[in-house]
Amino acid sequence: MSTFPTLPVDDDPFNFARYADPYPNYRRVRETTPVYFSQLLHSWVLTRHADVKAALVDPRISAARTRAMQAAQLSEELRQRLAPVDELLGRWVLFQDNPAHRRLRQAMTGALTSGLVGRLRPRVQALADGLVDAMRGRGETDLVADFALRLPAMVIAELLGMSSDDADRFQRWVHTIALYFAIGSLGNAETIGALCGTVEQMAGFMRAIVEEHRRAPREDLISGLISASPDGDPLAEVEILSQCMLLLHGGYESTMNTITSGMLHLLSGDAEPLRLCAEDPAVAAAAVEEALRCEPAFQFVARVATADLEIGGQAIEADQQIVCVLGAANRDPAQFPDPDRFDVHRRPNPHLSFGYGAHFCIGAALARMEAQIAFTTLSRRLRDLHLASDTPRWRPAFGVRSLETLLVTFSAVQ
């Protein structure tokens, strides 16, 4: 293998000791070693916007082979224990290449139509208003626990034909499922045991919901997946269950994090952006894009090279893993002037938080709609809204940017 740039483990941005606030470390690496081989991740790491964007559309770079590359870092015993998890989570559309990717994406986009998202908007607004109404007379609240955890759970529950009473269960599942994205680095008997238990619970829960929809079809996402026939063939039950798990995970985690991180930025500086969000839905929508850029919920995506290639002047060999760091690319000054500033007037804003190319996030429109309603509703209805603490607590989760709490004060609910 050719000599290539590496970083000492202590200097790697993916060292847990440095990951609480990754952005200064991303910046340092992007300025000095923008393409390097991580000994921690056993992967090439890309930190510049242009390199990440190019990698996400390069046909020589595979999404499907990522799971096998991760699993290869485990012992044979652990790989066997992980097999039931791979059978379901490994079928997610985001882990597929064509033709499997095209087939699943066609089914999902057919089910998650713009019409369905549009019909949900009044319901999402009503749910958001109900959560704010519950804050009356309190004067303070935790926007994570009392709003951002609950709104996406309620929406995704209705989208999948479930009960929003299961929000706490969704949260536990989603946090455990996040381990799957770094199973090669974090995989051990404990984490794989937790994943197996969670996936078994999710599969049983989803299977009952799918069977109920087969007996009594309705106008929702699950019925859309059941009736879908991409390439003339209906989806198998395991494919339906798998994509429902993906929608639960992606629709919950990413939207929750966008709402909380966006509100943190809106409340941390000048009061003008928050006031504008209350007055103008277009500004609230722009604030969503800036929240996505500044704090992508999923900080990186992994791929595998299927041929020898070059990125950013570095030779990458076939079968080597490539980690595209969205959190670093989104703050690349070559693409975003003054990249560390939260700017609701930023135009254009070509962030990569939803991915790029064929794997662009299927649920992007829904996530944007929920976050825009959240910003508008909270800024309009909570009078004199302020942060209760200047030191936000971030959840210690590898690869996921998520606040544990966001304590705020307000004088009244309008």
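Helix 11 covers residues 189-215, which makes 27 residues in this predicted model. From first C-alpha to last, helix 11 reaches 39 Å, close to the 39 Å you'd expect at 1.5 Å a residue. Besides that helix, here's a quick tour of two open sheets, one with 5 strands and one with 3 strands, plus a look at a couple of cysteines.

**Helix 11**

- Asn188 caps the N-terminal end of helix 11.
- The capping contact puts a side-chain oxygen of Asn188 3.0 Å from the backbone nitrogen of Glu190.
- Plenty of side chains to look up here: the buried residues of helix 11 include Thr191, Ile192, Leu195, Thr198, Val199 and Met202.
- Further along, Ala203, Phe205, Met206, Ile209, Val210 and His213 are also among the buried residues of helix 11.
- Cys196 counts as partly exposed, because its relative accessibility is 22% and the buried class stops under 20%.

**The 5-strand sheet**

- Read across, the strands of this open sheet go 1-2-8-5-3, and the pairing is mixed.
- Strand 1 (35-38) and strand 3 (61-62) sit at the edges with a single partner strand each, so one side of each has no neighbour in the sheet.
- Helix 2 (residues 49-57) packs on this sheet, touching strand 1, strand 2 (43-46), strand 3, strand 5 and strand 8.
- The direction of helix 2 makes about 130° with that of strand 8.
- Strand 5 (residues 300-305) pairs with strand 8 (residues 321-325) in the antiparallel sense, over 5 bridges.
- If you want a residue pair to find on screen, Val304 has Gln321 in strand 8 as its bridge partner.

**The 3-strand sheet**

- This open sheet has the order 4-13-10, with antiparallel pairing.
- Its edge strands are strand 4 (140-142) and strand 10 (386-387), and each pairs on one side only.
- Strand 10 and strand 13 (residues 407-409) run antiparallel and are joined by 2 bridges.
- Leu387 stands opposite Val408 in strand 13.

**Cysteines**

- The disulfide count for the structure is 0.
- As a reminder, a disulfide is a covalent bond between the sulfur atoms of two cysteines.
- Take Cys294: the closest cysteine sulfur, in Cys277, is 13 Å from its own sulfur, so that is too far for a bond, given a cut-off of 2.5 Å.
- Cys294 also counts as buried, because its relative accessibility is 0%.

Technical notes: Residues numbered from 1 in each chain as written. Predicted model: local features only at pLDDT ≥ 70, side-chain atom pairs only at ≥ 80, totals over all residues. Heavy atoms only, no water. Buried < 20%, exposed > 50% of the residue type's maximum accessible area, 1.4 Å probe, protein only. Helix = DSSP H or I, 4+ residues; strand = E, 2+ residues; numbered from the N terminus. Expected span 1.5 Å × (residues − 1). Polar contact = N/O pair within 3.5 Å; in protein donor to acceptor, adjacent residues only side chain to side chain. Pairing = 2+ DSSP bridges. Contact = heavy atoms within 4.5 Å. Axes fitted to C-alpha atoms, helices over the stretch in contact; angles between N-to-C directions.
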